[in-house]
Amino acid sequence: MSGASSQSVAGPGSVGTVQTMARRQTLSAATHLVAVVIGFGVVAAYTAHVAAGRMWGTPQRGLGGALFALFDPPTRETTSRALALVPLAKPELGEPAASVITLRLLAVAARLSNDPADIARAADACRARRWPRCDRESILEMGASR
Amino acid sequence: MALETQRRASLRPWLTHAAAVLVGMAVGALVGRSTVADAEAMGKTFDREPLGHAMWLAYSWGSDEDAAALLRQYTARLRADPSDDPLSGPYELAYAEFRRAIVEHRSRAGLLELCASVPKCRPEKLDELVAKLAAGRKVQDDHP
């Protein structure tokens with residue numbers, strides 16, 4: 001409506017005025033869109049932070065996520081990441097859960113590498129818990145997928 | 001009067017931009033609410049995972065003591081914080097209770113008593129159920 005009035009009043013410069021107004025309106029729409037995106041971005045960034053806290057906020061949840069990743073299937077990286085999280089989650093988890101998870105991860109690592117030293121390390125952890133079968137085959141089976 | 005109109009005109013773009021930011025934030029909050037709820041559900045799953053993992057390994061390969069201790073912890077956890085899944089939740093708890101009874105070498109009378117306390121457990125199918133669950137324990141031969 002204001003465009004129409006300026007066109008009728010401005011006379012010979014009317015085309016230029018309408019173009020300027022159209023450009024200004026486009027610019028205004030663009031800056032409003034940017035404002036919407038900024039508002040969304042601020043909340044999205046905050047939400048992502050909160051969501052990450054809810055998902056992995058405690059050492060136990062972090063370890064749970066790392067153990068969950070072992071289904072994917074396990075790699076040396078995911079296994080050693082999970083192994084590093086066990087001592088952090090130990091106060092919350094307690095015993096024998098922490099030792100058993102360590103044994104499981106050592107068995108997964110042994111299965112992945114098939115290295116006698118890794119198998120021996122897992123077998124030592126198994127014997128430390130006085131489990132009935134700590135031979136090579138059992139250790140490799142303990143490291144198999146659930 | 002003209003000055004007031006000019007002042008209002010210069011203020012208007014700021015107000016509409018502020019409103020646009022708020023609209024963006026509102027949309028972000030709507031989307032974010034479900035994201036946070038999903039993250040919380042996932043976090044709960046991750047929270048249970050270490051104990052579930054330990055319980056499973058100890059039941060399959062561990063000593064009776066470790067398996068019983070972890071199953072005790074696991075069932076207590078399931079009771080305190082039941083699974084969100086209304087279908088699998090009660091079965092998960094019942095199976096864990098039976099596994100615990102197996103590693104604790106409970107008598108048949110004890111197993112029947114447990115069966116009576118579990119919904120949908122039929123005493124005539126008890127042996128079949130116990131045999132199925134006991135098959136998951138790979139060290140059972142070492143503990144007659």
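**Loops, helix packing and the chain A–chain B interface**

Modeller: In this predicted model, Arg130(A) lies in the loop between helix H6 (116–128) and helix H7 (136–142) of chain A.

Colleague: What is the sign of phi at Arg130(A), and how big is the angle?

Modeller: Arg130(A) is not a glycine, and yet its phi is positive, at about 60°. In general, most residues other than glycine have a negative phi, and most peptide bonds are trans.

Colleague: Then which residues does a cis peptide bond join?

Modeller: The cis bond joins Glu95(A) and Pro96(A), with omega at about 5°. As for its setting, Pro96(A) is found in the loop between H4 and helix H5 (97–113) of chain A.

Colleague: Moving on to packing, at what angle do H2 and H3 of chain A pack?

Modeller: Helix H2 (residues 14–56) of chain A packs against H3(A) at an angle of about 85°, and their axes are 7 Å apart. The two helices are therefore roughly perpendicular to each other.

Colleague: Which residues make that contact between H2(A) and H3(A)?

Modeller: From H2(A) the contact uses Arg54(A), Met55(A) and Trp56(A), while H3(A) brings Arg61(A), Gly62(A) and Gly65(A). Sorted by class, these are two nonpolar, two polar and two charged residues.

Colleague: And how do H3(A) and H4(A) cross?

Modeller: The axes of helix H3 (residues 59–68) and helix H4 (residues 76–93), both of chain A, come within 8 Å and cross at roughly 140°, which makes H3(A) oblique to H4(A). The crossing is left-handed.

Colleague: Which side chains should I look at there, and what classes do the residues of the contact fall into?

Modeller: The line is drawn by residue rather than by side chain: on H3(A) the contact is made by Pro59(A), Gln60(A), Gly62(A), Leu63(A) and Ala66(A), and on H4(A) the residues include Ala82(A), Leu85(A), Val86(A) and Glu92(A). The contact of H3(A) with H4(A) divides into nine nonpolar residues, two polar and one charged.

Colleague: Switching to the two chains, how many residues are in contact, and what area is buried between chain A and chain B?

Modeller: In chain A, 44 residues are in contact with 44 residues of chain B. The area buried between the chains is about 3700 Å², and carbon and sulfur atoms give 70% of that area.

Colleague: How many salt bridges are there between chain A and chain B?

Modeller: The count is five salt bridges between the two chains. Asp66(B) forms a salt bridge with Arg129(A), where the closest N and O atoms are 2.7 Å apart.

Terms used
Residues are numbered from 1 along each chain as its sequence is written. Chains are lettered from A and ligands numbered from 1 in the order in which they are written. This is a predicted model: local features need pLDDT of at least 70, side-chain atom pairs count only at pLDDT 80 or more; totals for chains, interfaces and linings use all residues. Side-chain values use heavy atoms; hydrogens and water are left out. Axes are lines fitted to C-alpha atoms, for helices over the stretch in contact, and angles run from 0 to 180 degrees between N-to-C directions. Helices (H or I, at least four residues) and strands (E, at least two) are DSSP runs, numbered from the N terminus. Angles under 35 degrees count as roughly parallel, over 145 as roughly antiparallel, 65 to 115 as roughly perpendicular and the rest as oblique. A crossing is left-handed if the near helix is turned anticlockwise from the far one by less than a right angle, and right-handed if clockwise. Contact means heavy atoms within 4.5 Å. Ala, Val, Leu, Ile, Met, Phe, Trp, Tyr, Cys and Pro count as nonpolar, Asp, Glu, Lys and Arg as charged, and the others, Gly among them, as polar. Buried area is the accessible area (1.4 Å probe) that two parts lose on being put together, summed over both. A salt bridge is a side-chain nitrogen of Lys or Arg within 4 Å of a carboxyl oxygen of Asp or Glu.
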